[in-house]
Amino acid sequence: EGVPNSLRVSDQVRLYTLGSKDLPEDTDHCLLGEKRKFHNAEQFCRTEGRSHQNKVILWGDSHANAISGTVMQLSQSAGRPLIRATISSCPPVLRGSVPNDRTSDQCKASNKATLTLINENPQATVLMAARWSAYLLGQNEIQGKKRNNMLWSENQTANQDSLTVRKEKFRRALLDTACALRDAGANVF
């Protein structure tokens, strides 16, 4: 809203800017880590489907939560139950962590609980979604002086590793996670 002059910004551009506020209405309840701390998998939001259909599990951070409305519509139209395992600032990767004071421990516990859930639901469809670039490059917006408070690290050394090393470690951890899910019988996207 910094440029109110309609001659400088088209209606289409103004419409696009509203997209930043277009979040699922149950975000405060379903996106864990900020307003609701993660304790166990029973907190994950669930949408019912036909009981004989395989579950869809949406696993990721707030960016996964941002697409949950569309995923919910698609799963409902297919009659498939949906479980939303979303936690703020938490990449869906089984190894390593983000040294974020706010959600780091919750992230590890949530990812472990999600893997258990996937193991209990063979042939589930797992959609992994996250703000991948932030975990490799840091945030592009600066909150306070902590631009790199979202860098993923295999062992708390993210700021010491070169970008090339960090990318390779993250790539390996992400591939290992996808393989573990596949080995559990999941269809991974």
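**Exercise 1. Cys45 and its partner**

Decide whether Cys45 is buried or exposed in this predicted model, and work out which cysteine it bonds to.

*Solution.* Start with the accessibility. Cys45 has a relative accessibility of 8%, and the cut-off for buried is under 20%, so Cys45 counts as buried. Next, look for the partner: the sulfur atoms of Cys30 and Cys45 are 1.9 Å apart, and the two form a disulfide. Cys30 is buried too, with a relative accessible area of 1%. Now turn to the handedness. The torsion about the S-S bond of Cys30 and Cys45 is about -95°, so this disulfide is left-handed. Finally, place both ends: Cys30 belongs to helix α2 and Cys45 to strand β1, so the bond ties together parts that are 15 residues apart in sequence.

**Exercise 2. The other bridge**

Find what Cys90 is joined to, and describe the disulfide pattern of the chain.

*Solution.* Cys90 is joined to Cys107 by a disulfide, with an S to S distance of 2.1 Å. Here the torsion is about 80°, so the Cys90 and Cys107 disulfide is right-handed. Cys90 sits in the loop between β3 (82-86) and α5, while Cys107 is in helix α5, so parts that are 17 residues apart in sequence are tied together. Both Cys90 and Cys107 are buried. With two disulfides in the structure, counting the bonded cysteines along the chain gives the pattern 1-2, 3-4.

**Exercise 3. Two residues, two settings**

Determine whether Ser110 is buried or exposed, then do likewise for Lys37.

*Solution.* Take Ser110 to begin with. Its place is in helix α5 (residues 104-120), and at 1% relative accessibility Ser110 counts as buried. Neighbours within four places in sequence aside, Ser110 touches Phe38, Phe44 and Ile87. Lys37 lies in the loop between α2 (27-30) and β1 (45-47), and its relative accessible area of 53% makes Lys37 exposed. With neighbours within four places again left out, Lys37 has contacts to Gln43 and Gln106. Lys37 and Gln106 are 69 residues apart in sequence, yet their C-alpha atoms are 7.1 Å apart in space.

**Exercise 4. One face of α7**

Check the span of α7, and find where its buried residues lie around the axis.

*Solution.* At 1.5 Å a residue, the 21 residues of α7 should span 30 Å, and the C-alpha atoms at its ends are indeed 30 Å apart. Now list the buried residues of α7: Arg166, Phe170, Ala173, Thr177 and Leu181. Down the helix axis they fall within an arc of 75°, so they line one face of α7. As a reminder, an α-helix has 3.6 residues a turn, so residues three or four places apart point the same way. The cover over the buried residues of α7 includes β2 (56-60), α5, β4 (125-129), α6 and β5 (187-188). On the other side of α7, Thr164, Arg182 and Asp183 are exposed. Just after the helix, Gly185 has a positive phi of about 100°.

**Exercise 5. Rings that meet α7**

Classify the ring pair of Trp152 and Phe170, and say which rings make up its cluster.

*Solution.* There are three aromatic pairs to consider. For Trp152 and Phe170, the ring centres are 5.2 Å apart and the planes stand at 75°, so the pair is edge-to-face. Trp152 is in the loop between α6 (132-137) and α7 (163-183) and Phe170 in helix α7, so the pair ties together parts 18 residues apart in sequence. Trp152 and Phe170 are both buried. To finish, follow the ring pairs: they link Trp132, Trp152 and Phe170 into a cluster.

Definitions and conventions. Residues numbered from 1 in each chain as written. Predicted model: local features only at pLDDT ≥ 70, side-chain atom pairs only at ≥ 80, totals over all residues. Heavy atoms only, no water. Phe/Tyr/Trp six-rings, centres within 6.5 Å; stacked < 30°, edge-to-face > 60°. Helix = DSSP H or I, 4+ residues; strand = E, 2+ residues; numbered from the N terminus. Buried < 20%, exposed > 50% of the residue type's maximum accessible area, 1.4 Å probe, protein only. Contact = heavy atoms within 4.5 Å. Expected span 1.5 Å × (residues − 1). Arc of directions from axis to C-beta. Disulfide = S-S within 2.5 Å.
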